[in-house]
Structures are given as structure tokens and as C-alpha cells.
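Colleague: Hi! I'm new to this one, so could you walk me through it?
Modeller: Happy to, here it is.

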Amino acid sequence: MLRPELARLVALGGFRRLDGQVGRFLSDERLKRVFTFQALYAGESPMRALALYAVISYMDTVGGVYFPTGGIAALPRALARVAADAGVKFEYGDAVHTLERRGTRVTAVRTASGGRYPCDAVVLTTELPESYRLLGRRPRRPVPLRAAPSALVVHAGGPARHPDVAHHTISFGHGWRSTFDELITQGRRMSDPSLLITRPTASEPGLAPSGRELYSVLAPVPNLDRGPADWAAESDAYAEEVLDVARARLLPGFEPEFTHVLGPAEWADRGLVAGTPFSYAHSFAQTGPFRPRNLPRGTDNAVLAGGATVPGVGVPTVLISGRLAADRITGGTR
């Protein structure tokens with residue numbers, strides 16, 4: 001970050017608060033929401049998030065958002081095909097158990113089934129606590145890392161009765177500051193939910209059978225550190241509440257023929273820290289050079305990648321973390 005561009009970023013107010021900086025240009029509170037709600041992607045409220053995260057709304061509204069044919073899963077599948085064509089061999093369904101070490105170097109990866117894979121270098125994309133466990137290290141931080149809020153997502157399919165619903169709809173509740181306070185500070189569910197309602201079949205009808213639509217309804221919820229709850233027991237009931245809100249605001253009469261719910265319990269079962277798919281929040285103390293480094297101390301040939309390390313959370317940034325990891329191993333300078 002120590003480049004001439006940093007001075008320009010400071011001059012633009014990038015290290016002030018997002019809500020205040022956007023308020024210099026927009027006075028309508030509804031319009032301000034459209035350009036600041038993205039702070040939640042970074043695990044912060046607009047009132048606390050750094051203004052530099054306005055880059056997210058810039059990407060949304062100016063850079064443009066692309067939808068890959070076949071859905072977002074088409075992206076990792078394509079990457080896997082390219083990697084396989086380049087000689088990568090994938091081993092699926094076998095958990096990494098331990099890393100063999102000789103001094104400060106990892107020499108082999110061992111899996112739960114007894115497999116052993118000698119290595120010159122290792123890239124860990126596991127969540128940070130698991131990465132440190134495998135490395136036998138502990139992070140040196142005076143204050144523990146703070147996880148971002150989690151989300152409950154209802155995937156549903158049903159009759160095609162709402163042809164005018166857009167691919168993405170942000171449905172705001174009347175509450176605003178109170179919503180972020182509930183999620184991040186108080187650790188409880190939104191009393192007046194704001195939802196992201198996605199209809200991927202608006203862009204690609206072939207993702208569903210003829211006469212059917214797909215929806216995903218996302219409701220932010222507290223992570224398990226901030227708001228412990230028995231989500232295994234409560235998830236389905238809350239999912240129905242979320243669908244009721246979506247029906248009242250955007251999808252009248254929608255009765256899904258199937259649903260699949262993912263919430264904090266499912267994220268935690270998959271090993272995600274604090275039951276959130278958004279890893280650690282992007283507070284000032286967890287951003288840029290203050291985020292966990294991708295070269296963990298004490299190991300010469302291990303590199304971290306993923307949302308917990310630099311540069312951070314989100315598909316574009318996680319892809320950059322992979323490129324940075326490759327540069328660390330090969331000596332590249334991109």
C-alpha cells in the first residue's frame with residue numbers, strides 16, 4: 001500500500017466512514033442505502049466501514065456484474081478444467097489430516113484415508129483456525145479476529161408466476177441503523193429484515209424446468225460467536241419467516257415445490273469460522289496489511305489463500321489471494 005496512490009486514497013477520504021462520505025454526494029436516505037448496504041459484504045455497517053469499500057458499489061453500478069452461463073458454479077468448474085489441462089491432479093473426498101514437517105518446511109500432506117503426498121510447497125485454503133492447527137502455529141494478534149455476520153439462505157423452486165422479478169432485488173426493511181446494530185452489536189436477528197432476493201432464471205431460464213423458476217432468498221443473521229443459537233433446530237422455522245417477508249414484498253402467492261436451507265449450523269458443519277461464509281470482517285484492524293498474512297510465520301514453504309487472508313472476502317478478492325499465493329511460491333511480482 002506504500003505507493004503514491006495511497007496519498008490519493010487518503011485525499012479522497014478513503015479512510016473515513018462510508019456512510020458519511022456517501023452522504024457528501026447523496027442526501028436521499030433511500031439512495032444512500034443503495035450505495036452503502038454493500039458494507040455488509042465486508043462484515044461492517046456503513047456507519048463503521050471504511051469509505052474505500054465504496055469500490056464494491058462502484059463494481060456493482062459502473063463496472064458491471066456478470067452472470068456465468070450455468071450459474072456461479074460454472075466458474076470453479078472452468079478453473080478446475082484449466083488446471084487439469086495444465087497437469088493438476090485433483091483428489092476429492094479425502095480430508096487433510098496432518099502436515100509432515102522437517103524443521104521449518106512442510107514435506108508432505110497426510111489425509112484421513114492414509115494417503116501421503118510429498119510436497120515442495122503447500123497452499124492452505126482452509127479456514128484460519130484449521131490452517132494454524134495444521135501448521136502447529138498460533139496467530140500473533142493482541143486482539144482476537146472478529147468474524148463477519150452470517151447468512152441464512154433459502155434456495156427454492158416453484159411455478160413461474162413472477163416474470164417481472166429481476167435477477168437481483170435488494171428488499172430493504174424500514175430499519176437501517178437498527179438492523180446493523182442488531183446483527184453486529186447485539187447478536188440477534190433483524191426485527192425488520194432486509195433481504196437479497198435472487199432469481200437466476202431471469203438471466204438463464206434453462207436452469208429450471210420449463211414453467212418453473214429458481215429463487216435464492218438471503219437474510220443476514222448474526223454469526224455464532226456474536227449470537228449463539230440452536231440453528232439446527234430453528235433454521236427451518238426462520239426460513240419460513242424469511243419466505244413470508246419475500247412473499248409480502250415481492251413474490252405474492254409463491255409456494256415453493258422444494259426448498260434447501262443453508263444457515264449458520266450448515267456453515268459451521270462445513271468448517272467455516274463462527275458459522276459464517278464471509279470469514280473475518282473488514283474492520284480497519286483486519287484490512288490490508290493488518291489482515292492475516294499469506295505467509296504464516298515459522299514455515300518457509302506454506303502459503304495461505306482464501307477469504308481469511310489478504311486481500312479478503314468475496315469471489316474477486318479470493319481469486320486474487322490465489323494469484324498472490326502462486327506468486328509467493330514462484331517468485332512472481334504481479
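Modeller: We can go through the domains, the surface patches and a few backbone details; keep in mind that this is a predicted model.

Colleague: Great. Which domains does the chain have?
Modeller: The domain assignment gives domain 1 (4-62), domain 2 (73-144 + 280-330) and domain 3 (150-275).

Colleague: And how far apart are the centres of domain 2 and domain 3?
Modeller: Their C-alpha centres lie 30 Å apart.

Colleague: On to the surface. Which residues form the positive patch?
Modeller: That patch is formed by R137, R140, R293, R297 and R328. One of them, R293, lies in the loop between α9 (264-269) and β10 (302-304).

Colleague: Is R293 buried or exposed?
Modeller: In between: R293 counts as partly exposed because its relative accessible area is 40%, and partly exposed covers the range between the 20% and 50% cut-offs.

Colleague: What about the nonpolar patch, which residues make it?
Modeller: I72, L75, L79, V315 and L319 make that one, and it covers about 420 Å². The elements giving two or more residues to it are α5 (74-85) and α10 (315-330).

Colleague: Where is V315, then?
Modeller: V315 is in helix α10. With 43% relative accessibility, V315 is partly exposed.

Colleague: Changing topic: which residues are joined by a cis peptide bond?
Modeller: V310 and P311, with omega at about 0 degrees. P311 sits in the loop between β10 and α10.

Colleague: Which residue other than glycine has a positive phi?
Modeller: A274 is one of them, with phi near 55 degrees. S279 is another non-glycine residue with a positive phi, near 55 degrees. A274 lies in the loop between α9 and β10, and S279 is in the loop between α9 and β10 as well.

Colleague: Is A274 buried or exposed? And why does S279 count as buried?
Modeller: A274 is buried, with a relative accessible area of 13%. S279 counts as buried because its relative accessibility is 4%, and the cut-off for buried is under 20%.

Colleague: Last topic, distances. How far is G253 from H162 in space?
Modeller: They are 9.6 Å apart, C-alpha to C-alpha, with their positions 91 residues apart in sequence. G253 is in the loop between α8 (231-249) and β9 (258-262), and G253 is partly exposed at 48% relative accessible area.

Colleague: And Y238, where is that?
Modeller: Y238 lies in helix α8 and is buried, at 5% relative accessibility. Y238 and A108 are 130 residues apart in sequence and 44 Å apart in space, C-alpha to C-alpha.

Conventions:
Residues numbered from 1 in each chain as written. Predicted model: local features only at pLDDT ≥ 70, side-chain atom pairs only at ≥ 80, totals over all residues. Heavy atoms only, no water. Patch = residues over 30% accessible without salt bridge, like charges linked within 9 Å, V, L, I, M, F, W, Y side chains within 5 Å. Areas by Shrake-Rupley, 256 points an atom, 1.4 Å probe, with all protein chains shown as cover. Salt bridge = Lys/Arg side-chain N within 4 Å of Asp/Glu carboxyl O. Lys, Arg positive; Asp, Glu negative; His and termini not counted. Charge placed at Lys NZ, Arg CZ, Asp CG, Glu CD. Helix = DSSP H or I, 4+ residues; strand = E, 2+ residues; numbered from the N terminus. Buried < 20%, exposed > 50% of the residue type's maximum accessible area, 1.4 Å probe, protein only. Domains from an automatic or database assignment.
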